[in-house]
Amino acid sequence: MWQLAALRFASVNTSTTCPVAPLELRKPGVRSAATQALPDTAAPPVGAVVVVVEVELVVAGVVALVVVAAGAVGLTTVLEPVEVCWWVTLAVLLDPPQAATANVRASAAATTAAALVVLGILKLVIAEHFAISVSGPPAVYGRAVNGLERAGAVDSLEPEIQRIGHQLAAAFPAPARHPLRTVDARTMELAAADEELKAALFRFVDVAPACRSLDDLARHLTGFLDELEQPPMPLSAAIRVAGTRTGRAALGAAAAGGVRHMAHRFIVGETLSDAAGALRHLWERGVGCSVDLLGEATVTPAEADRYAERCRATLTELTELSSPWPPRPVLEEDSSGRLPRANVSVKVSALTPLLRPDAPELGREDAGRRLRPLLSLGRELGAHVHIDMESLDSREAVLGLVLELLSEPDFAGGPSAGLVIQAYLRDSGELLDTVLGFAHRSDRRPPLQIRLVKGAYWDHELVEARQHGWSAPVFESKADSDRNFELLTRRLLDARPHVRVAIASHNLRSVAHAIAYNRALGGDDRDLEIQVLRGLGDELASAVASLGLRVRAYCPVGNLVAGMAYLVRRLLENTSNDSFLHAQARGTNLDELLAAP
C-alpha cells in the first residue's frame, strides 16, 4: 500500500526532490500532496517520511547504494522510508526514459535488486534482535528496543511498582500537620458530590475578581446559589442573610476570604518577592520549583510585551534570590551535568496576540521575537526556560517555534530548556516521535527536558470537539489516558541521555511506575525528576523528597485576575470524580489506587 501511495505521490509532484517534514504532515486541517496521495483508510507509519526520487537511472542506482550503506549501519528509523524510496526507483526502472541505454538499465536494476535483498535481511535481523514485527513501523528512539518491553516483561515490574507505591504512601505527612488542607479536602469533596452546586461555585469563583465591592460579591454568590433546587442548609442560611445590607457585607467578606484562601493554596504570591519565602522553604525541604507567571492568551502587543518583560525580570530576580540557598546536590546535578536553580515556565500564548490555528506562522514569528531574547538571557544567567503546552489549537505552532529556536546555532550550548508532552491526547505518541527525533539529531547540551503531563485542558478539548462535530482528540477514559502515560514514560526513560525526563503527575501509581521502570533500566535515581503542582501535590512532593529523589513543584506567581483560568482548572482537577486526587480524598483503598490502569 505504501509503495503504491509513493508512486501516486510521484505522479502528482514530479518536481519534488526533498523529504516532506513529518511535522507538516500532522498539522490540523493541512493535507499536502503527499497525504492526499495516501488512501483515506491508511495512517502513515510512525516516523515515516515520504521520499520521492526524480532522477535518471544512474542517479537512482547511486541513491540506492547510499541508502543501503545507511541501513547497513543500523539506522532502523529510516528503513520504511528507504523501502518506499527503493520501490519508487524500481518503478522508474520498469518504465525508463527513452534515452536510457540497456546497460544503464541493467546496472541500476542490479543495484536496486541488491538493495532490496539487503533490506529484507536487515529487517529480519532487526526484527529478531529487537523483537518487533517485520511489517510494523520501525523502532523509534527506544520504543520496543529495550528488553523490558519484550514478552510482557513490563508486567514483571508490577511487584516493584506496588512496593514503591506503598513506600511513598507511608511517607505522606500526617493530616494533623496540615489541618487547613484537611478541611479544604473535605469541602472539595462535599462540593464535588453535587454537580449543580459545583457549577454554581465555579461560576462564582470565575467572576469574583471582577466584583468591585463586598455587596457585589454577595449579590453574585446568592444569584448563583438561588438557581439550585435544594441548596445545602448552610448555603440556604447564607442566602437568607443576604436579604439585608449588613448581611450582604458579611457574606461578601466571607466569600472574598474563601476565594483568596483557595487561590493562595495554588498561587504562591502576586509577585516573585511575595513568593520568595515560600520558594526558599520548598528548597530547604528538598523540593525545587518552576515559577510560572500567570497570564495567558494576550490580546494586544502591549500585553505580550509586558508579559515578556515580566519573564525577563523573573529570570534575573530568581537567579539572584536562589543564589544564597543552601546546597541540595539531588536538585542541582544529574548524569548530564548541572541543573539550574532558577527555573521559569513560559506560555507562548502570552507572548503574542496572533497565535491562531488558521495562521500559525504569523503567531510563531511574533512570539519568536519575544521568546528568543528570553532564551538568550537564560543562557547568560545559567537558568532553565521551560515552554508550557496549552490547548490543542496552538500546539503545532508552539512546538514548531520551540524546535526552530533551539535549532539555531546560538542555542546549541544552552540554555537549559524544555517543553511539554500531554498524554491525554490520542496522537501524543506521534508528537513524541517528532520531539525525540529533534533531540537525537541536535544532540544539544544540556539535553532538552521533556515534562510529561496528563493534560489540563480535557474539558475544553472535549467540549470544543463536540460543538464542531469532531472526533475527540483526547482519551475519554481515564484508564486509557493513564495507560498512555505509562507507555510514554517508558519511551522517555529509554531515550536518555538525549533528553532529561520530568514526570509530572499526582497519581501515586504513575509516579511509582516511573521510579520502578527507571531502576529496572539500571538508571540512576537522579536522572528522573518528579513534578507536582503547588497546592495539589504538596504531600506527594514531601514523600518523594523524603526518599532522596528529585522533585520539583510548579509554582504560579501573579494576581488573582490573571490566575483565574489556572485556578478554575486546578479546582476542576481536584473535584473531578475520575481524578486520582478525588479518589484519594474519598479514602479509596491504596491497593485499588495502585492497580494497573
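**Exercise 1. Decide whether helix α20 is largely enclosed or not, and find what covers it.**

Step 1. Count. Twelve of the 17 residues of α20 are buried, so the helix is largely enclosed by the rest of the structure. Buried means under 20% relative accessible area, with exposed over 50% and partly exposed in between (1.4 Å probe, protein chains only). Helices (H or I, at least four residues) and strands (E, at least two) are DSSP runs, numbered from the N terminus.

Step 2. Note the source. This is a predicted model: local features need pLDDT of at least 70, side-chain atom pairs count only at pLDDT 80 or more, and totals for chains, interfaces and linings use all residues. Residues are numbered from 1 along each chain as its sequence is written, and side-chain values use heavy atoms, leaving out hydrogens and water.

Step 3. Name residues. The buried ones include S481, D482, F485, L488 and L492.

Step 4. Find the cover. It includes strands β6 (416-422), β7 (448-453), β8 (499-504) and β9 (528-533), plus helices α18 (428-442) and α21 (508-520).

**Exercise 2. Compare the span of α20 with the expected value.**

Step 1. α20 covers residues 478-494. The expected span is 1.5 Å times one less than the number of residues.

Step 2. From first C-alpha to last, α20 reaches 24 Å, close to the 24 Å expected.

Step 3. Look at its start. There, a side-chain oxygen of S477 comes to within 3.3 Å of the backbone nitrogen of A479.

**Exercise 3. Locate the charged group that sits over the ring of F485.**

Step 1. Apply the test: NZ of Lys or CZ of Arg within 6 Å of the ring centre and within 35 degrees of the ring normal.

Step 2. The charged end of K454 sits over the F485 ring, 4.8 Å from its centre.

Step 3. Follow K454 to Q422. Q422 lies in strand β6 and touches K454, among others including V453 and Y457 (contact: heavy atoms within 4.5 Å). At 5% relative accessibility, Q422 counts as buried.

**Exercise 4. Find the aromatic pair and classify its geometry.**

Step 1. Search the whole structure. One pair appears: W283 with W325, 5.4 Å centre to centre and 40° between the planes.

Step 2. Classify. Rings of Phe, Tyr and Trp (its six-membered ring) pair if their centres lie within 6.5 Å; planes under 30 degrees apart are stacked, over 60 edge-to-face, and the rest tilted. This pair is tilted.

Step 3. Place the partners. W283 is in helix α13 (residues 272-284); W325 is in the loop between α14 (301-322) and α15 (329-332), 42 residues apart.

Step 4. Check burial. W283 counts as buried at 2% relative accessibility, and W325 at 4%.

Note on methods. Polar contact = N/O pair within 3.5 Å; in protein donor to acceptor, adjacent residues only side chain to side chain. Lists of a residue's contacts leave out its neighbours within four places in sequence.
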